[in-house]
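Subject: Structure for your files, with notes

Dear colleague,

Please find the structure below. My notes on what was found in it follow.

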Amino acid sequence: MLGVSIFAEGSFLSDENWIGNYNIGLSIPIFSTSFESNSSVNSDAKGNGVNFYFNAQSIHKHTGFLFEAGLGAGGLKAKDFYNSDDEWGFNFLGKIGLGYAFVHSKKAVISLTGVIGLDWSLFDKDYDMTVYDSTYTMTAEVMPWVFFAGAELSGTIRLSERVGIFGSCLFAIPFAGWEGVKVSYNGISSSASYDLNSGGYFIQPAFGLSITVD
């Protein structure tokens, strides 16, 4: 208990020894994933989008050690969604990580962080299906959940003591997840679930305004 108390009251955890770096802007998620059901039917997805992006870094002044957490929400376009059409849907991303700030001065912050996160999307599309010369309007709902791990390189240039601009890029690999598919017509629906295959990638460059609290 004595050791814990000394650590908690010491300089490492003191508020005055931490820099808060808050990045607000836009991100461009780029992804490629593959899902497979028990019947060996594959569901491949790739595309890109535009998200509102927020990322917070807490950087220790003396060691450069940092904590990071980020959120993104916006639109994602899946290529070849149905009949080779592209389809826009809603996208949400959350991530946390630990890393190191190589530079953390009054002029700039440059950091590399290892992160884990979750990417969730929802696509909803109406399409026509013809059976025995009769055409029916069906609704397809696709909801992928993807857990990823990777690294994020980030840089901030301070234009003043508090305000600056930032740019970052996340490189990650999906390692777990599933995709739910639901097709419905006139209140009658059928569902299927697909598991994430190995491979694929997730890349997310981001840029915008940076606010520093020192």
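Which residues make the nonpolar surface patch of about 630 Å²? The patch is formed by Y22, I24, F52, F54, V163, L209, I211 and V213. Please keep in mind throughout that this is a predicted model.

Strand 1 (18–27), strand 3 and strand 10 are the elements that give two or more residues to the nonpolar patch. Strand 10 gives the most, with three residues. One of the patch residues, I24, is in strand 1. I24 has a relative accessible area of 32%, and because values between 20% and 50% count as partly exposed, I24 falls in that class.

Overall layout

The chain holds one helix and ten strands, and from the N terminus on, the order of the elements is α-β-β-β-β-β-β-β-β-β-β. Of its 214 residues, 38% are buried. The accessible surface of the chain is about 11700 Å², and carbon and sulfur atoms account for 62% of that area. Taking contacts between residues at least 6 apart in sequence, 65% join residues at least 24 apart.

Nonpolar cores

The largest nonpolar core has 17 residues. Those with the most contacts inside this core are F31, F35, F123, F148, L170, A172 and F202. At least two residues of the core come from each of strand 2 (30–36), strand 4 (65–82), strand 6 (108–131), strand 7, strand 8 and strand 9 (188–196). There is also a second, separate core of five residues, with I19, L66, A101 and V109 among them.

Aromatic pairs

The count of aromatic pairs comes to nine. One of them is Y53 with F166, a stacked pair with 6.1 Å from centre to centre and 25° between the planes. This pair links distant parts of the chain, since Y53 is in strand 3 (residues 42–60) and F166 in strand 8 (residues 163–185), 113 residues apart. Both rings sit under the 20% cut-off for burial: Y53 is buried at a relative accessible area of 1%, and F166 is buried at 6%.

F148 and F202 form another stacked pair, with centres 5.2 Å apart and planes at 10°. F148 lies in strand 7 (residues 134–158) and F202 in strand 10 (residues 201–213), so the pair ties together parts that are 54 residues apart in sequence. F148 and F202 are both buried, and both are listed among the residues with the most contacts inside the largest nonpolar core.

Ring pairs also link F90, W120, W145, F147 and W178 into a cluster.

Salt bridges

How many salt bridges does the structure hold? It holds two. In one, E68 is joined to K95, with the closest N and O atoms 3.0 Å apart. E68 is in strand 4 and K95 in strand 5 (residues 85–104), so this bridge links parts of the chain that are 27 residues apart. In the other, K95 is joined to E152, with the closest N and O atoms 2.9 Å apart. Here K95 in strand 5 is linked to E152 in strand 7, 57 residues away in sequence. E68, K95 and E152 are thus linked in a network of salt bridges. Is K95 buried or exposed? K95 is buried, as are E68 and E152.

Two further residues

S154 is in strand 7. It counts as buried, because its relative accessibility of 6% is under the 20% cut-off. Leaving aside neighbours within four places in sequence, S154 is in contact with N23, Q57, V109, I110, S111, G167 and S168. Of these contacts, V109 belongs to the second nonpolar core.

H60 is in strand 3 and is buried, with a relative accessible area of 3%. H60 and H104 are 44 residues apart in sequence, and their C-alpha atoms are 9.0 Å apart in space.

That is the end of my notes.

Regards

Conventions:
Residues are numbered from 1 along each chain as its sequence is written. This is a predicted model: local features need pLDDT of at least 70, side-chain atom pairs count only at pLDDT 80 or more; totals for chains, interfaces and linings use all residues. Side-chain values use heavy atoms; hydrogens and water are left out. Rings of Phe, Tyr and Trp (its six-membered ring) pair if their centres lie within 6.5 Å; planes under 30 degrees apart count as stacked, over 60 as edge-to-face and the rest as tilted. Helices (H or I, at least four residues) and strands (E, at least two) are DSSP runs, numbered from the N terminus. Buried means under 20% relative accessible area, exposed over 50%, partly exposed in between (1.4 Å probe, protein chains only). Contact means heavy atoms within 4.5 Å. Patches are made of residues with over 30% relative accessible area and no salt bridge: like charges are joined within 9 Å, nonpolar side chains (Val, Leu, Ile, Met, Phe, Trp, Tyr) within 5 Å. Accessible areas come from the Shrake-Rupley method with a 1.4 Å probe; for residues, only the protein chains shown count as cover. A salt bridge is a side-chain nitrogen of Lys or Arg within 4 Å of a carboxyl oxygen of Asp or Glu. A nonpolar core is a set of buried Ala, Val, Leu, Ile, Met, Phe, Trp, Tyr and Cys residues joined through side-chain atoms within 4.5 Å.
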